[in-house]
Protein chains: 2
Amino acid sequence: MAPRTRKSERRTEALSRERIIEAAVELLDTAGEGGLTFRALTERLATGPGAIYWHVANKDELLDAATDAVVAAALATEPAGSPDSPRDALNAVALGLFDAIDEHPWLATQLATQFSRGPWKSVTPRILESIGRQVRALGVPERRWFTVATVLMHYILGAAGQNAVNGRAHGPGVNRDEFLGAVSTAWKELDPDDYPFTRAVADQMPGHDDREEFLAGIALILAGITAVPPPPRSHRARR
Amino acid sequence: MAPRTRKSERRTEALSRERIIEAAVELLDTAGEGGLTFRALTERLATGPGAIYWHVANKDELLDAATDAVVAAALATEPAGSPDSPRDALNAVALGLFDAIDEHPWLATQLATQFSRGPWKSVTPRILESIGRQVRALGVPERRWFTVATVLMHYILGAAGQNAVNGRAHGPGVNRDEFLGAVSTAWKELDPDDYPFTRAVADQMPGHDDREEFLAGIALILAGITAVPPPPRSHRARR
DNA sequence: ACCTGAACACCGTTCAAGT
DNA sequence: ACCTGAACACCGTTCAAGT
């Protein structure tokens with residue numbers, strides 16, 4: 001609501017890559033992905049496009065940098081808490097990303113496209129490392145590290161992105177519950193022959209808590225880890 | 001290589017929504033996401049922009065339609081095979097999506113953005129239904145259908161998207177193995193203190209088969225399903 | 001070294017006009 | 001009903017020129 005920088009204000013700080021990235025994040029947060037343009041950026045920073053291009057190669061690099069900055073901040077806040085168990089630590093990492101994507105919905109699309117742009121640059125190792133450390137701490141055999149960390153990463157980013165969509169108002173005056181209710185209703189109107197599963201699931205969807213559901217997915221994956229550890233020997237007479 | 005339609009050719013078929021979507025998919029396949037423009041489309045269809053807008057609301061709707069068409073085709077090809085076990089059927093669905101995204105790399109980004117656009121329209125129920133039917137067939141309790149199907153969906157789409165990135169040549173004359181090798185090398189140059197896990201994983205990454213690794217992730221998730229059947233009641237004496 | 005701002009090529013979309 | 005194509009507003013990017 002409170003305008004931070006107005007066009008008439010004189011720029012006090014010198015232009016820098018950091019300030020440009022900061023302004024880019026603000027624009028993305030307030031105006032969405034379409035809101036980040038070089039015109040809006042020049043106005044906010046009280047400068048010309050040429051000045052921005054001196055600090056940043058192009059728009060793609062700026063988007064990558066904005067994404068990386070937000071993800072880095074989200075992952076940096078977690079080690080402050082108590083170490084607890086690896087499970088708790090993993091949940092903390094996951095919820096950190098969950099909240100970051102919830103606060104910055106453009107992150108979801110951006111992470112997906114960044115995976116395909118600077119293929120495995122900066123942000124991917126960052127996320128993989130945070131998740132992977134807990135995977136290692138959980139005692140997963142090294143041979144499975146990549147698979148487990150990858151499954152967790154894709155689920156976390158995908159589910160968090162979906163949640164962020166649900167959280168945003170779609171149309172004026174539409175809140176989260178109304179939105180989920182509308183989706184549920186739409187699903188129940190699908191063809192019973194073509195969509196029996198989706199219709200059945202539509203009933204239980206709007207009811208549950210989002211974070212709880214999110215963590216349930218992680219718990220499910222972790223259950224798979226502990227269930228299959230050394231499959232070769234040990235006949236394990238359960239049931 | 002062989003140009004299907006040249007500018008001088010007279011358009012024989014009448015313009016239709018289907019032909020426009022078809023041309024859009026071809027452009028996306030050959031020229032990537034940036035290759036789909038209304039100018040390229042008008043040239044290929046030998047018409048003007050106004051004609052396209054008569055059949056399609058705007059570019060977003062066209063992208064949604066192209067995505068939906070390709071996904072529908074990918075999911076339609078699987079029931080032809082043998083029913084086998086639900087596990088095999090689920091693998092078939094997953095590989096169908098895997099291959100579709102591999103053939104049409106723009107699908108990965110497009111699916112991510114479509115999740116946030118027409119929030120849960122057309123393509124999401126389609127994918128969820130195909131996966132969900134096998135989840136149901138696997139005997140998962142109904143209360144968990146949503147969680148399990150969601151975990152599977154996000155993993156499948158995320159991992160397939162990542163694979164598609166790896167498959168495309170990045171730069172001239174760079175093939176898949178060279179690319180993965182380069183990523184592995186880049187990871188091993190990361191700071192040992194900040195990225196121990198990622199460095200450790202870099203070694204095993206370029207070695208494995210992609211489809212095998214992809215299916216290993218699904219097997220991991222399925223292991224979780226069968227391991228945690230009914231946790232609600234039962235006093236859970238753990239720790 | 002850092003910034004300005006006009007200019008360029010290109011894009012999605014509109015719309016009066018045709019058939 | 002369906003199509004044409006000029007026109008509009010806007011975008012990312014460049015670059016000669018300033019300090």
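Domain bounds, in the sense used here, come from an automatic or database domain assignment. On that basis, chain A of this predicted model is divided into domain 1, residues 8-56, and domain 2, residues 78-229. It helps to begin with how these two parts meet. Four residues from domain 1 of chain A and four residues from domain 2 of chain A take part in the contact. Between them, the two domains bury about 420 Å², with carbon and sulfur atoms providing 56% of that area. Three residues of domain 1 stand out: Leu28(A), Asp29(A) and Glu33(A) supply 89% of the area that domain 1 buries against domain 2, more than any other three residues. By class, the side of domain 1 that touches domain 2 has two nonpolar, no polar and two charged residues. No salt bridges are counted between the two domains of chain A, although three residue pairs are in polar contact across their interface.

The next interface to explore lies between the two protein chains. The size of an interface is often given as the accessible area lost when the parts come together. For chain A and chain B, the buried area is about 5100 Å², and carbon and sulfur atoms give 70% of it. The contact draws on 57 residues from chain A and 56 residues from chain B. On the chain A side, Trp120(A), Phe197(A) and Leu220(A) lose the most area to chain B, and together they account for 16% of what that side buries. Here too the count of salt bridges is zero, while ten residue pairs are in polar contact between the chains.

Which helices of chain A each supply at least two residues of the side that touches chain B? They are H6 (106-116), H7 (123-137), H8 (145-167), H9 (176-188), H10 (196-204) and H11 (210-227). Of these, H8(A) provides the largest share, with 14 residues. Sorted by class, the chain A side of this interface divides into 31 nonpolar, 16 polar and ten charged residues.

Attention now turns to DNA strand D. There are 18 residues around this strand, and those that come nearest are Arg39(A), Lys59(A), Thr47(B), Trp54(B) and His55(B). Of the atoms of DNA strand D that come within 4 Å of the protein, sugar and phosphate account for 50%. Several residues of the two chains can be followed to the phosphate oxygens of the strand. In Phe38(A), a backbone N or O atom lies 2.9 Å from a phosphate oxygen of DNA strand D. In Tyr53(A), an N or O atom of the side chain is 2.7 Å from a phosphate oxygen of the strand. In His55(B), a polar side-chain atom lies 2.5 Å from a phosphate oxygen of DNA strand D.

The elements giving two or more residues to the surface near DNA strand D are H2 (38-45) and H3 (49-55) of chain A, along with H3 (49-55) of chain B. With five residues, H3(B) gives the most to this surface. The surface near DNA strand D is made up of eight nonpolar, seven polar and three charged residues.

A final detail concerns the backbone. Most residues other than glycine have a negative phi. Ala46(A), however, has a positive phi, near 55°, and lies in the loop between H2 and H3 of chain A. In chain B, Ala46(B) also has a positive phi, near 50°, and is found in the loop between H2 (38-45) and H3 of that chain.

Notes:
Residues numbered from 1 in each chain as written. Chains lettered and ligands numbered in written order. Predicted model: local features only at pLDDT ≥ 70, side-chain atom pairs only at ≥ 80, totals over all residues. Heavy atoms only, no water. Near = heavy atom within 4 Å. Polar contact = N/O pair within 3.5 Å; in protein donor to acceptor, adjacent residues only side chain to side chain. Helix = DSSP H or I, 4+ residues; strand = E, 2+ residues; numbered from the N terminus. Nonpolar A, V, L, I, M, F, W, Y, C, P; charged D, E, K, R; others polar. Contact = heavy atoms within 4.5 Å. Buried area = accessible area lost by both parts, 1.4 Å probe. Salt bridge = Lys/Arg side-chain N within 4 Å of Asp/Glu carboxyl O.
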